[in-house]
Amino acid sequence: MPPKRKAAAASTSAAPKEKQSKLAKEHNISAREEREIKEAFALFAEPMEGEKEGVIPAKDVRRAMVALGIPPTKPELKEFLEILDPDDEGYASYEPFVAICALKLHARADSGGPAADEVDEAFRLFTGGSGGDDATLTLAHLKRVAMTLKQDVDEQLLKDMILEANGGAGVGKGVGRAEFEDVMRRAGAWK
């Protein structure tokens, strides 16, 4: 009789990790970042023969990048459009758009954005002072903040906010500091 297999240790705290595509690996971005880029691209995409993901009008490139939280400056946009649409056809395809967005994401990460202590302070304000490395922002914290601000926010909306921030890992998991910073960047609180 063959030996019994040991049951894999079920990890309730970790969400299933998304797998990076070849394109994401080429541009050194996470699967989550690629998914967000794809969603922003899809907001403005139009079908075109020979383009699996479609194309976006050149005039919408800036809007898509703003939706990602990486708005280009005017000189950057001019340069990006020269790269994305060298023949001046008025359209940008998906793969070059991912490359441009990856460059912008890396530049943002390299610039550091807000100081770490600024993010920590904001996170502590939300968590009521418990801002250690293992602290998480919970539903109770969001309810307290809403009450403090005298905002009548539906509990389901608060749950949805947590799920959006933690990638759907569950309301009970809460939101970690890194996820908090990511959401605040996308909301435009920090560059």
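Let's start at lysine 150, which is exposed, with a relative accessible area of 73%. You'll find lysine 150 in the loop between α7 and α8, and its phi is near 55 degrees, a positive value in a residue other than glycine. That catches the eye because most residues other than glycine have a negative phi. Keep in mind that this is a predicted model.

Asparagine 28 belongs in the same conversation. Its loop runs between α1 (22-26) and α2, its phi is also positive, near 55 degrees, and asparagine 28 is exposed, with a relative accessible area of 58%. Glycine 167, just after α8, takes a positive phi too, of about 70 degrees.

Here are the positive phi values side by side:

| Residue | Where | Phi |
|---|---|---|
| Asparagine 28 | loop between α1 and α2 | near 55 degrees |
| Lysine 150 | loop between α7 and α8 | near 55 degrees |
| Glycine 167 | just after α8 | about 70 degrees |

**Around α8**

Now for the helix that follows the loop of lysine 150. Helix α8 covers residues 155-165, and Leu158, Ile162 and Ala165 are buried in it. Why do these buried residues line one face of the helix? Looking down the axis of α8, they fall within an arc of 70 degrees, so they end up on one face. What do they pack against? Their partners are α2 (31-44), α7 (139-148) and α9 (177-186).

One of those partners, α7, holds histidine 141. Is histidine 141 buried or exposed? With 15% relative accessibility, histidine 141 counts as buried, because the cut-off for buried is under 20%. Its side chain reaches the backbone oxygen of threonine 127 at 3.1 Å.

**The sheet**

Next comes the sheet. It is an open one, made of 3 strands in the order β1-β2-β3, with antiparallel pairing. At the edges stand β1 (46-48) and β3 (91-93); each has a single partner strand, so one side of each is left without a neighbour in the sheet. From one strand to the next, the twist averages 45 degrees.

Zooming in on one pair, β1 meets strand β2 (residues 51-57) in the antiparallel sense over 2 bridges. Methionine 48 stands opposite glutamate 51 in β2.

Helix α2 ties these two parts of the tour together. The buried residues of α8 pack against α2, and α2 also lies across β1, β2 and β3, running at about 65 degrees to β2.

Notes:
Residues are numbered from 1 along each chain as its sequence is written. This is a predicted model: local features need pLDDT of at least 70, side-chain atom pairs count only at pLDDT 80 or more; totals for chains, interfaces and linings use all residues. Side-chain values use heavy atoms; hydrogens and water are left out. Buried means under 20% relative accessible area, exposed over 50%, partly exposed in between (1.4 Å probe, protein chains only). Helices (H or I, at least four residues) and strands (E, at least two) are DSSP runs, numbered from the N terminus. The arc is that of the directions from the helix axis to the C-beta atoms. Contact means heavy atoms within 4.5 Å. A polar contact is a pair of N or O atoms within 3.5 Å; within protein, one must be able to donate a hydrogen and the other to accept it, and residues adjacent in sequence count only if both atoms are side-chain atoms. Two strands pair if DSSP finds at least two bridges between them. Axes are lines fitted to C-alpha atoms, for helices over the stretch in contact, and angles run from 0 to 180 degrees between N-to-C directions.
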